[in-house]
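Let's walk through this chain together, starting with the overall layout and ending with a couple of charged side chains. Keep the structure open as you read.

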Amino acid sequence: MFWTDVDSPLGPLLLTAGPDGVLTSVSVPGQKGGRSVQEGWRRDRGPFREAVEQLDAYFAADLTEFRLTVRAEGTAFRTRVWAALDSLPYGSTVTYGEIAARVGAPRAAVRAVGGAIGANPLLIVRPCHRVIGANGALTGYAGGLDRKVRLLTLEGALPVPQGAPPAPEGSLPAPGVIPTPPRPSTRP
């Protein structure tokens with residue numbers, strides 16, 4: 001297993017890749033279920049060049065869709081939920097119920113959908129931050145609610161909080177009072 005760490009506007013990111021160099025996770029410190037470096041893993045920035053370039057472009061608001069080869073292992077259900085996340089457009093939000101419908105799960109499966117989303121090992125790259133509550137509330141995010149707010153603000157899905165200082169070029173908007181939540185999209 002390969003790993004590297006990268007500075008970002010959200011703080012340090014831990015990236016991992018399998019022996020073939022395919023990206024397997026993007027984690028932040030304190031992430032619920034996040035990865036940590038294990039004995040025997042090899043630190044090597046080489047397999048992550050493209051991922052780092054794309055993350056930098058994303059944080060600079062120059063990239064709206066990641067084009068990386070990734071691999072995440074999970075149950076068939078989680079894999080369907082993660083595929084639904086991969087299809088979420090930049091700057092949009094959807095509800096857990098909408099994701100359940102997209103994967104053919106009954107509305108009662110919203111908790112299972114939430115569990116699958118919370119188990120997403122590819123934060124930022126697989127945009128689980130774009131999923132919100134049915135009432136528009138910014139519900140949990142494995143990387144922390146403050147990071148979710150900053151990502152949605154960067155993408156324009158949330159307004160910049162009033163009175164917040166302007167963000168330096170190439171960085172995420174400063175955290176502040178949580179702005180008015182977005183309205184869930186009405187897309188099918």
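What follows is a tour of the fold, the sheet, the core and one helix.

First, a caveat: this is a predicted model. The chain holds five helices and six strands, and if you read along the sequence you meet them in the pattern β-β-β-β-α-α-β-α-α-β-α. Of its 188 residues, 46% count as buried. Take the contacts in the chain with a separation of 6 or more: residues 24 or more positions apart account for 59% of them.

Now find the open sheet. Four strands make it up, in the order β3-β2-β1-β4, and the pairing is mixed. The edges belong to β3 and β4 (42-43), each of which pairs on one side only. As a reminder, strands of a sheet pair through backbone hydrogen bonds, either parallel or antiparallel.

Let's start with β2, which covers residues 13-17. On one side, β1 and β2 run antiparallel and are joined by five bridges. You can pick out individual partners here: F2 is the bridge partner of A17, while W3 is matched with T16. Getting from β1 to β2 takes a hairpin with six residues between the strands, and G11 in that turn has a positive phi of about 105°.

On the other side, β2 pairs with β3 in the antiparallel sense, over four bridges. Here A17 has L23 as its bridge partner, and T16 stands opposite S25. The connection is again a hairpin, with five residues between β2 and β3, and in its turn G21 has a positive phi of about 85°.

So how enclosed is β2 by the rest of the structure? Five of its five residues are buried, so β2 is largely enclosed. In a regular strand the side chains alternate between the two faces of the sheet. In β2, L13, L15 and A17 point one way, L14 and T16 point the other way, and all are buried. The neighbouring β3 can be read in a similar way: five of its five residues are buried, so the rest of the structure largely encloses β3.

That brings us to the nonpolar interior. In soluble globular proteins, nonpolar side chains tend to be buried together. The largest nonpolar core in this model has 42 residues, and the members that touch the most others are L13, L15, L23, F59, I99, I117 and I124. At least two residues come from each of β1, β2, β3, α1, α2, α3, α4 and α5. Which helix gives the most to this core? That is α1, with five residues.

I124 is a good place to zoom in. Leaving aside neighbours within four places in sequence, I124 is in contact with L10, L13, L55, Y58, F59, F66, H129, Y141 and L151. Apart from this core lies another one, of six residues, among them L138, V149, A157 and L158.

Finally, turn to helix α5, residues 145-154, where you'll find K148. K148 is buried yet has no salt bridge; E155, the nearest side chain of opposite charge, is 11 Å away. What does the side chain of K148 reach instead? One partner is the backbone oxygen of G140, at 3.4 Å. Another is the backbone oxygen of T139, which lies 3.1 Å from a polar atom of the K148 side chain. Not counting residues up to four places away in sequence, K148 touches Y96, H129, V131, I132, T139, G140 and Y141. H129 and Y141 also turn up in the list of contacts for I124.

R150 sits in α5 too. Like K148, R150 is buried and lacks a salt bridge. For R150, the nearest side chain of opposite charge is D146, 4.5 Å away. A salt bridge needs the side-chain nitrogen within 4 Å of a carboxyl oxygen, so the R150–D146 pair doesn't count as one. The side chain of R150 does reach a backbone oxygen, that of P9, at 3.3 Å.

Technical notes:
Residues numbered from 1 in each chain as written. Predicted model: local features only at pLDDT ≥ 70, side-chain atom pairs only at ≥ 80, totals over all residues. Heavy atoms only, no water. Buried < 20%, exposed > 50% of the residue type's maximum accessible area, 1.4 Å probe, protein only. Lys, Arg positive; Asp, Glu negative; His and termini not counted. Polar contact = N/O pair within 3.5 Å; in protein donor to acceptor, adjacent residues only side chain to side chain. Contact = heavy atoms within 4.5 Å. Core = buried A, V, L, I, M, F, W, Y, C linked by side-chain atoms within 4.5 Å. Pairing = 2+ DSSP bridges.
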